[in-house]
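Biologist: I am new to this structure and would like the labels explained. Please take me through the reasoning behind them.

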Amino acid sequence: MALSTQHLLGIKDITKKDIEIILSTAHQFKEVLQRPVKKVPSLRDVTIVNLFFENSTRTRMSFELAEKRLSADTLNFSAAASSVKKGETLLDTVNNILSMKVDMVVMRHSASGAPHFLAKHINAAIVNAGDGINEHPTQALLDALSMKEKFGKLEGLKVAIIGDVMHSRVALSNIYLLKKMGAEVMVAGPPTLIPKYMAQALDVRVEYSVKKALAWCDVANVLRIQLERQNQPLFSSLREYNLAYGVNRKLLESLDKEIVIMHPGPINRGVELDSDVADGPFSIILNQVENGVAVRMAALYLYSGKDISES
Amino acid sequence: MDILIKNLNFPTNVYKDLSRGDLLIRNGKIDQIAPSISLNAEDNTDILDAEGGFLSPGWVEIFSDFADPGFEFKEELQTGAGAAFQGGFTHVFLLPSTHPVVDNKSQVSYIKDKSSRLPVELYPIGAISKGLEGKELSEMYDMAASGAIAFSDGKTPLQSAGLLLKALQYVRATGGVLIQMPFDKTVGTYGLINEGIVSTQLGLPGLPAIAEELMIQRDIELVRYTESKLHFTGISSARSVDLIAKAKSEGLRITCSVTPHHLLFTDEDLKNYDTNLKLNPPLRTAVDREALRAGVKNGTIDCIATQHFPQHTDDKVREFEYAKNGMIGLQTAYSTLNEAISDLSAESVVSLLSQNAKDIFGLSAASFEVGQEADLTIFHPAKSSTFTKPVNKSKAENSPYFDKPLKGKVLATISHNQMTKN
């Protein structure tokens with residue numbers, strides 16, 4: 001049951017077998033979450049710090065809940081990226097916290113590669129909770145678990161990732177994971193929001209028509225428009241974005257098949273996704289959130305370095 | 001300083017038709033050059049056996065940052081000069097991006113005065129625009145008269161075509177050369193590494209090569225219009241090499257330089273988020289690197305510009321996005337070049353590191369006549385050298401080369417009656 005890496009920095013760095021181990025462990029933890037007592041002692045003597053250098057609600061709550069369900073001791077730290085730029089360095093911050101005998105670090109950071117930098121300088125295990133526009137590995141894993149539950153397997157599945165691909169770490173992690181597991185991937189959205197070398201770099205299909213993408217896929221993972229990460233305007237208005245690239249009920253009904261709708265949240269309702277779809281029968285968005293806790297329990301448990309036979 | 005250097009190889013473009021011989025220096029001046037020189041038994045002048053080494057006029061570095069005055073925590077004139085001398089350089093052109101900016105006579109004089117006792121000749125590059133703001137022309141005429149070697153806005157190239165046009169016209173009065181490190185800031189403004197397959201895989205915003213190529217195309221037209229002289233430094237893409245080759249073939253007075261590291265590394269080397277390889281212009285693809293190597297060999301690229309850009313450790317040992325650009329490189333320039341292009345002729349090394357820069361920027365050609373002050377570099381393409389922290393003369397440590405053996409070694413540098421050996 002050994003994993004190939006010490007840290008969970010990104011899906012890019014782990015193997016298909018690693019992914020399978022994490023998903024099957026998550027499946028077991030999901031069963032724990034159905035019990036009347038939703039808690040196991042697996043990480044009873046492990047202390048985990050949640051370092052959030054960038055705002056987060058759902059990911060942070062999901063990690064914290066996962067840690068509590070595993071009986072770990074938790075410590076929370078949050079700072080806006082700007083205060084880090086001005087004051088204490090990332091390495092100083094982390095080393096100070098580790099001096100208090102912390103075993104694991106969960107980190108979200110606005111700079112791509114920040115957890116990789118940290119991994120070169122500290123010994124504690126790191127779980128990446130999102131770095132810049134690079135990766136968000138636990139999101140891809142929970143998406144994978146949700147798709148697997150719905151379709152039974154990932155191999156051969158056609159997944160369209162729609163929207164702000166350029167600024168999305170969810171997109172990159174999902175692409176790496178789905179390709180490793182044998183799924184087919186298409187990205188779709190406005191050309192200004194899709195990196196020029198996407199197809200060559202990641203072996204995915206690129207489509208600029210959302211309608212065509214929806215007609216092709218089994219699952220559409222609709223991304224949040226990352227207005228906060230766009231330094232310069234890349235489309236003219238939210239209204240026009242919704243007209244050209246928004247996913248709505250009418251569009252889905254025009255297809256000759258049923259597809260599954262996912263979204264990593266938080267949703268910009270009426271921009272990338274209309275409410276009649278988000279709350280509609282094809283959406284598995286709340287299943288994704290539920291699976292998030294189980295997947296994060298699995299990741300924390302496996303990357304804590306504790307021998308699985310102990311519990 | 002007296003020394004007898006034995007068994008030197010003379011590249012064909014260095015000294016008459018002598019291809020191999022000895023060189024005697026007495027009191028810092030060339031005393032004798034001959035196929036073989038023997039000393040009297042009682043003469044205890046030091047002897048350096050340079051077997052396998054080649055003689056070159058002292059090397060010229062045309063675009064480095066010694067950060068003095070204003071940023072002495074990164075580098076000082078003395079430490080930078082020490083690194084240059086150790087690396088084979090006896091002439092170094094310095095960027096104007098100090099604090100205050102070198103945009104007037106007194107800043108030019110400060111550098112000239114403070115460097116007068118150093119073994120290396122330092123030449124300030126004056127700012128084209130006041131305060132490097134890209135808005136108004138600085139007093140280039142006055143700076144040229146005080147010793148500014150060329151003009152450039154350094155790491156922040158002139159974005160305004162109108163202002164560059166005026167500057168190109170203005171320096172015609174003094175025969176001056178402008179230097180642009182070409183990139184259009186409005187393209188890939190937030191980019192961190194070359195836009196391509198690697199940037200997409202690493203989730204890093206890209207700096208497209210077109211940002212550089214657009215400015216080269218624009219500036220070529222400005223040179224055509226003004227009939228002035230422009231040097232592009234740090235070109236990094238295959239298309240840039242093509243554009244410059246074409247402009248040269250049309251007779252335009254355009255020259256260019258490349259850094260040694262762009263000849264050795266590609267963006268693939270950034271997969272580990274190594275901040276020492278975070279550069280502007282960024283490392284590009286293997287195709288670009290091959291085009292740069294070809295440009296060096298066929299003479300499209302005139303000079304090697306080390307672009308020794310020191311940065312403090314705190315600005316490099318941090319998140320990739322926040323790390324500053326640049327690397328030091330004066331002590332590793334030759335071995336990097338030799339490692340990257342192992343079949344480079346000794347004549348090409350002399351042209352790329354010394355002769356062409358002297359021609360372009362109007363420095364007097366080196367002469368190995370008897371009685372002249374010795375200003376020379378001896379390099380050995382077959383010996384290997386390893387750059388280590390104890391031998392690093394720079395104040396900064398932002399180098400990817402530490403403890404990595406490279407093929408090619410600078411055996412000795414002599415200038416201003418001083419010598420250093422490696």
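Modeller: One cut-off comes first: a residue is called buried under 20% relative accessible area, exposed over 50%, and partly exposed in between. Note also that this is a predicted model.

Biologist: Why is A:Lys179 called partly exposed?

Modeller: A:Lys179 has a relative accessible area of 31%. Partly exposed covers the range between under 20% and over 50%, so A:Lys179, at 31%, is partly exposed.

Biologist: What makes A:Lys179 and A:Asp203 a salt bridge?

Modeller: The rule asks for a side-chain nitrogen of Lys or Arg within 4 Å of a carboxyl oxygen of Asp or Glu. The closest N and O atoms of A:Lys179 and A:Asp203 are 3.3 Å apart, so the pair counts as a salt bridge. The two residues are 24 apart and link distant parts of the chain: A:Lys179 is in helix H7 (residues 169–180) of chain A, and A:Asp203 is in the loop between helix H8 (198–202) and strand E7 (205–207) of chain A.

Biologist: Is A:Asp203 buried or exposed?

Modeller: A:Asp203 has a relative accessible area of 53%. The exposed class is over 50%, so A:Asp203 is exposed.

Biologist: Where do A:Lys68 and A:Glu64 lie, and what makes them a salt bridge?

Modeller: Both lie in helix H2 of chain A, four residues apart, about one turn of the helix. Their closest N and O atoms are 2.9 Å apart, and the limit is 4 Å, so A:Lys68 and A:Glu64 form a salt bridge. A:Lys68 has a relative accessible area of 37% and is therefore partly exposed. By this rule the count over all chains comes to 28 salt bridges.

Biologist: What links B:Glu76 and B:Lys395?

Modeller: Their side chains meet in a salt bridge, at 2.4 Å from N to O. This pair also links distant parts of its chain, with the two positions 319 residues apart. B:Glu76 is in the loop between strand E6 (59–64) and helix H1 (77–86) of chain B, while B:Lys395 is in the loop between strand E16 (376–386) and strand E17 (405–415) of chain B. Relative accessibility is 26% for B:Glu76 and 39% for B:Lys395, so both count as partly exposed. Elsewhere, B:Glu221, B:Arg224, B:Lys246 and B:Glu250 are joined into one network by salt bridges that share partners.

Biologist: How do you know which strands of the open sheet in chain A stand at the edges?

Modeller: The four strands of this open sheet have the order E2-E1-E3-E4 in chain A, with parallel pairing. Strand E2 (73–78) and strand E4 (125–131) each have a single partner strand, so one side of each is left without a neighbour in the sheet. From one strand to the next the twist averages 15°.

Biologist: What makes E1 and E2 of chain A a pair?

Modeller: Two strands pair if there are at least two bridges between them. Strand E1 (residues 47–52) and E2 of chain A share six bridges in the parallel sense, so they pair. One of the bridge partners is A:Asp73 in E2(A), which is matched with A:Thr47. Helix H2 (residues 58–69) of chain A packs on the sheet, touching E1, E2, strand E3 (104–109) and E4 of chain A, and its direction makes about 160° with that of E2(A).

Biologist: How do you know that the radius of gyration of chain A agrees with a compact globule?

Modeller: For 311 residues the globule rule gives a radius near 19 Å, and chain A has 19 Å, so the two agree. The C-alpha atoms of chain A fill a box of roughly 55 × 45 × 35 Å along the principal axes. Buried residues make up 59% of the 311 residues in chain A.

Biologist: What is notable about the backbone at A:Lys101 and B:Ala67?

Modeller: A:Lys101 has a positive phi of about 60° although it is not a glycine, and B:Ala67 likewise has a positive phi of about 60° without being a glycine. A:Lys101, in the loop between helix H4 (90–98) and E3 of chain A, has 66% relative accessibility and therefore counts as exposed. B:Ala67, in the loop between E6 and H1 of chain B, has a relative accessible area of 1%, under the 20% limit, so B:Ala67 is buried.

Key:
Residues are numbered from 1 along each chain as its sequence is written. Chains are lettered from A and ligands numbered from 1 in the order in which they are written. This is a predicted model: local features need pLDDT of at least 70, side-chain atom pairs count only at pLDDT 80 or more; totals for chains, interfaces and linings use all residues. Side-chain values use heavy atoms; hydrogens and water are left out. Axes are lines fitted to C-alpha atoms, for helices over the stretch in contact, and angles run from 0 to 180 degrees between N-to-C directions. Contact means heavy atoms within 4.5 Å. The radius of gyration is taken over C-alpha atoms; the globule rule is 2.2 Å times the number of residues to the power 0.38. Buried means under 20% relative accessible area, exposed over 50%, partly exposed in between (1.4 Å probe, protein chains only).
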